[in-house]
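Reader: I am a first-year student and I should like to take a close look at one part of this protein model. Could you please begin with the chain as a whole and then go through the part around one helix in detail?

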Amino acid sequence: MRYADGGGLTAAGRLRRESVRLQAAELFEHGIKPLEVAQRLRVSRKSAYQWHQLWREGGVRALASRGPSGSRCRLSERCLEKLAAYLEQGPAAHGWVEDQVWTAARVATLIGRKFHVSYSVSGATRLMHRLGFSPQVPARRGAERDEQAVTVCKEATWAEVKEPGRPAGATSASRTRQASPAGRPGDAPGADAAAHRR
């Protein structure tokens, strides 16, 4: 499945966030406390306090954007474009004909085959998300499953298991009261409380 926006922050989104952090730095320079900065800029208090700490340690430069987060991708931009095109073609085009599901394990295998780069399953999952895809889990069914036999078995078993409900008069209910502490033996928990109440 492919996400509409590719997931993650765009360059414009990173610039917007950096702009807010730089506004916070300007407020800090004017002696505004982190709590008020959070209210003015409509950010969480936690963010404002973290920014204040960074600003105190490294000034305005400490709040500048460092670019996209995460580890460096081992595939070039050109290879990422090719991988996205391969994923768009579907698993059958690359040898997985049993179903049309891109699992993370299949994507890791595909990357190894096409680009001679080793990716773990979790790394392939992150890469898929970066490209705007989500891994799926295939339905597990027996290779020799007989759908007609399964249906007959379900119907026969359900008929055996399903019993008619009990008649309305067959149930009983009675009122219960909590036992009186006065009736407890002398060494029972709470017996001394009953003695004090008398």
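Author: What follows describes the chain in outline, then helix α6 and its surroundings, and then some further details.

This is a predicted model, in which local features need pLDDT of at least 70 and side-chain atom pairs count only at pLDDT 80 or more, while totals for chains, interfaces and linings use all residues. Residues are numbered from 1 along each chain as its sequence is written, and side-chain values use heavy atoms, with hydrogens and water left out.

The chain has eight helices and zero strands. Helices (H or I, at least four residues) and strands (E, at least two) are DSSP runs, numbered from the N terminus. Read from the N terminus on, the order of elements is α-α-α-α-α-α-α-α. Of the 198 residues, 26% count as buried. Here buried means under 20% relative accessible area, exposed means over 50%, and partly exposed lies in between (1.4 Å probe, protein chains only). The chain exposes about 15,100 Å², and carbon and sulfur atoms supply 51% of that area; the areas come from the Shrake-Rupley method with a 1.4 Å probe, and for residues only the protein chains shown count as cover. A contact means heavy atoms within 4.5 Å. Among contacts between residues at least 6 apart in sequence, 50% join residues at least 24 apart.

Now to the part in question. Helix α6 spans residues 121-131, and its residues Gly123, Ala124, Leu127, Met128 and Leu131 are buried. These residues cover an arc of only 140 degrees around the axis, which puts them on the same side of α6. The arc is that of the directions from the helix axis to the C-beta atoms. An α-helix has 3.6 residues a turn, so residues three or four places apart point the same way.

What do the buried residues of α6 pack against? They pack against α4 (77-89) and α5 (104-115). Leucine 83 lies in helix α4 and is buried, with a relative accessible area of 1%. Leaving aside residues up to four places away in sequence, leucine 83 touches Leu75, Leu110, Ile111, Phe115, Leu127 and Leu131. Two of these names, Leu127 and Leu131, also stand among the buried residues of α6. Leucine 83 and isoleucine 111 are 28 residues apart in sequence, and their C-alpha atoms are 7.5 Å apart in space.

At the end of this helix, α6 is followed by glycine 132, whose phi is positive, near 95 degrees. Glycine 132 is found in the loop between α6 and α7 (147-161) and is buried, with a relative accessible area of 0%. The C-alpha atoms of glycine 132 and alanine 84 are separated by 8.7 Å, although the two residues are 48 residues apart along the chain.

Helix α2 may be read in the same manner. In α2 (residues 34-41), Pro34, Val37, Ala38 and Leu41 are buried. They cover an arc of only 100 degrees around the axis, which puts them on the same side of α2. What covers these buried residues includes α1 and α3. The residue that follows α2 is arginine 42, whose phi is positive, near 55 degrees.

The aromatic rings come next. Rings of Phe, Tyr and Trp (its six-membered ring) pair if their centres lie within 6.5 Å; planes under 30 degrees apart count as stacked, over 60 as edge-to-face and the rest as tilted. By this rule the count comes to three aromatic pairs. One of them is the tilted pair of phenylalanine 28 and tryptophan 55, at 5.6 Å centre to centre and 45 degrees between the planes. This pair links distant parts of the chain, with phenylalanine 28 in helix α1 (residues 11-29) and tryptophan 55 in helix α3 (residues 45-58), 27 residues apart. Both phenylalanine 28 and tryptophan 55 are buried. The rings of tryptophan 96 and tryptophan 102 have centres 5.7 Å apart and planes at 70 degrees, so this pair is edge-to-face. Tryptophan 96 is buried at 13% relative accessible area, and tryptophan 102 counts as buried at 7% relative accessibility.

Lastly, the cysteines. A disulfide is a pair of cysteine sulfur atoms within 2.5 Å, and by this rule the count comes to zero disulfides. Cysteine 73 is in no disulfide, and the nearest cysteine sulfur, that of cysteine 79, is 8.8 Å away.
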